[in-house]
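Good morning, everyone, and thank you for making time for this short talk. Please have a look at the structure on the screen, and then I will take you through a few of its parts in turn.

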Amino acid sequence: MTTGMERFGALMQGQTPDRVPIVCNLLDQGAQELGMSIRNYYSRGEHVAEAQLRMREKYGYDTLNGMFYSALEAEVMGCKNIVYADDGPPNVGHLVISRPEDILKLHVPENLNEHPRFREVASCIKNMKKKSQGRYPVLGVVTASFSLPAMLMGIGLWLELFLSGDPMLRDSLLATCSQFCSRHIKALREAGADLIVYSNPVASATFIMLKKFRELALPWIIRDLEEGGTAGVVFFNGGGRINPILPDLISQTGIGAYYLNPFDDITEARELLGRQALIAGTINDIHLIDWSPEEVDREVKKIMQAGKKAGGFIFGTLMMPLRIPEANIHAMIESAIKHGSYAGEQP
Amino acid sequence: MVENMRQSILTVYIQALFDTDKAYALQIIQNALDNGMSPEQVIFEVVIPGMERMIGGMICDNEVTLSQHFLSSQIAEEVTDRLIPLFKTAPEKRGHVVMGTSFGDFHGLGKKIVSGCLRARMFAVTDLGINVTPERFVDEALASGAEVIGISSMMIHTATGERGAKRVRQLLKERGLEDHIRILVGGAPYRFHDQLYLEVGADAWAETAAEAPAVVEQLVREVQT
């Protein structure tokens with residue numbers, strides 16, 4: 001049987017795998033899988049690892065996800081209150097930066113493993129890596145320096161600061177967040193992450209225009225990835241459209257894979273990126289809550305047709321809402337396997 | 001001649017919004033006032049058309065970004081708050097909206113943008129902030145005589161959860177308030193799924209902040225007739 005690692009490996013070497021690799025981002029679903037509360041689930045890396053392995057086996061997709069929840073990064077940066085829900089991801093309940101002077105007090109741990117919450121993430125990745133024996137790529141997820149401040153001070157204040165605030169304060173905050181991002185990537189790789197999903201929603205075309213992207217966000221993307229390099233890095237949209245920024249990203253950063261938003265056109269992305277980069281095309285997973293299996297199949301088929309034509313293609317989801325019925329997750333994966341097959345096709 | 005001057009002010013103001021240059025946009029407003037434009041003219045002929053053209057995406061072929069929405073709305077709100085007391089006659093309020101993010105949701109950006117649009121369009125807005133309980137939405141709407149409760153959600157579970165708009169609907173029903181108060185929802189999940197507002201028991205949703213004033217106006221009219 002071909003494994004997820006072999007499929008991704010083939011793509012990275014410019015070859016055609018047996019079928020399009022599938023990334024399915026199930027996070028909070030792991031708590032249901034183990035029959036425990038979300039708070040208890042995320043308290044231990046071994047819980048997350050166990051559930052991720054089980055869910056991959058159950059549904060048959062190609063990756064293992066080492067992410068817990070976004071707010072965990074804010075915890076490592078000093079957030080004192082995480083608000084847990086029964087039916088969705090934990091949220092930041094305390095903003096680390098409430099006054100400008102707080103920016104200068106931020107502390108980035110030299111080694112992220114010093115922090116107990118990150119240690120659980122690292123242990124989860126190590127655990128998955130060991131148990132999957134290299135058959136499925138383990139994803140480590142990191143928030144870019146340009147987007148991390150939204151979790152530290154709230155998106156409104158962050159927009160105010162980078163659009164019309166003190167440039168020195170803005171750059172000081174970004175330098176701290178970039179240091180955190182670099183160390184985070186390093187720590188995820190050391191734990192065993194095969195791919196680094198670099199999430200940068202505030203840099204997307206949904207948030208800022210191209211001119212601001214070039215002026216403010218792009219230099220920090222380059223800096224975030226300078227030390228550790230771009231090998232295995234996937235630029236993740238984080239919920240915003242990224243097609244308009246793809247030409248700059250490919251020419252300036254060297255990142256080799258781009259995870260589109262459902263509203264980004266796959267054919268256009270390929271034209272903008274050229275032949276070399278990999279593209280992950282995504283399904284609008286909020287609709288998976290109430291689509292019929294026929295509707296799921298129709299949508300997956302449409303994405304796969306565009307993706308296979310574009311080449312170098314991965315099928316993906318955003319962060320799958322907990323309310324999606326299991327039957328629709330099965331339906332999506334079955335359709336993706338069926339329509340993503342390259343059997344009988346010219347490479 | 002005067003019309004040409006107004007048009008030219010509006011054009012440079014829109015360019016400043018497009019460039020997300022807040023300092024320059026505020027300078028244009030101040031120059032207009034210094035050169036004899038009345039506060040009413042500044043609001044109705046520069047600030048509101050500028051905001052609506054920007055947030056309505058009518059400025060260029062590409063979609064306008066959230067940062068441009070945010071800045072246009074923020075300036076509109078700030079300038080309106082500053083200039084309304086200087087109007088010759090106080091403008092009549094077109095309705096009252098109590099607004100906040102749903103319980104468990106800590107993302108306040110969309111609410112801020114919509115609030116600025118509504119205030120500039122002469123609606124009274126009571127901003128309850130983030131992470132608002134259904135009970136508080138209803139209590140505050142009742143206390144302030146608001147016709148509309150606006151509930152913003154960034155995440156699917158806070159949009160569709162039992163302590164969001166669904167519970168607000170239930171409370172309005174239990175207290176016999178459905179004829180007096182309407183529910184408006186908005187936020188990312190509704191953009192990904194345009195029928196979701198029905199599932200959560202809302203009366204309407206607004207895809208963009210620019211649409212919100214018209215939708216609120218309709219809801220206010222329904223309540224008042």
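**Two loops, two domains, two chains**

I would like to begin with B:Met122, which you will find in the loop between helix H5 (109-120) and strand S2 (124-127) of chain B. Please keep in mind throughout that what we are looking at is a predicted model. The phi of B:Met122 is near 70°, and this is a positive value in a residue other than glycine. To see what that should be set against, remember that most residues other than glycine have a negative phi. Is B:Met122 buried, exposed or partly exposed? There are 17 other C-beta atoms within 10 Å, and since a residue needs 20 or more to be buried and 12 or fewer to be exposed, B:Met122 is partly exposed.

Chain B offers another residue of this kind, B:Thr20, which has a positive phi of about 50° although it is not a glycine. B:Thr20 sits in the loop between helix H1 (2-18) and helix H2 (22-34) of chain B. Here the count is 23 C-beta neighbours inside 10 Å, and therefore B:Thr20 counts as buried.

Let us now step back to chain B as a whole, which is divided into domain 1, covering 2-86, and domain 2, covering 96-224. The C-alpha centres of these two domains of chain B lie 26 Å apart, and the contact takes 13 residues from domain 1 of chain B together with twelve residues from domain 2 of chain B. On the side of domain 1 of chain B that touches domain 2 of chain B, helix H3 (39-55) and helix H4 (66-83) of chain B each supply at least two residues. Which of them gives the most to that side? The answer is H4(B), with seven residues. If we sort the residues of that side of domain 1 of chain B by character, they divide into six nonpolar, five polar and two charged.

Finally, I turn to the place where the chains meet, where 26 residues of chain A are in contact with 25 residues of chain B. On the side of chain A that touches chain B, strand S4 (91-92) and helix H9 (155-164) of chain A each supply at least two residues, and H9(A) gives the most, with five residues. The residues of that side of chain A divide into 13 nonpolar, ten polar and three charged.

Terms used:
Residues numbered from 1 in each chain as written. Chains lettered and ligands numbered in written order. Predicted model: local features only at pLDDT ≥ 70, side-chain atom pairs only at ≥ 80, totals over all residues. Domains from an automatic or database assignment. Contact = placed C-beta atoms within 7 Å. Helix = DSSP H or I, 4+ residues; strand = E, 2+ residues; numbered from the N terminus. Nonpolar A, V, L, I, M, F, W, Y, C, P; charged D, E, K, R; others polar.
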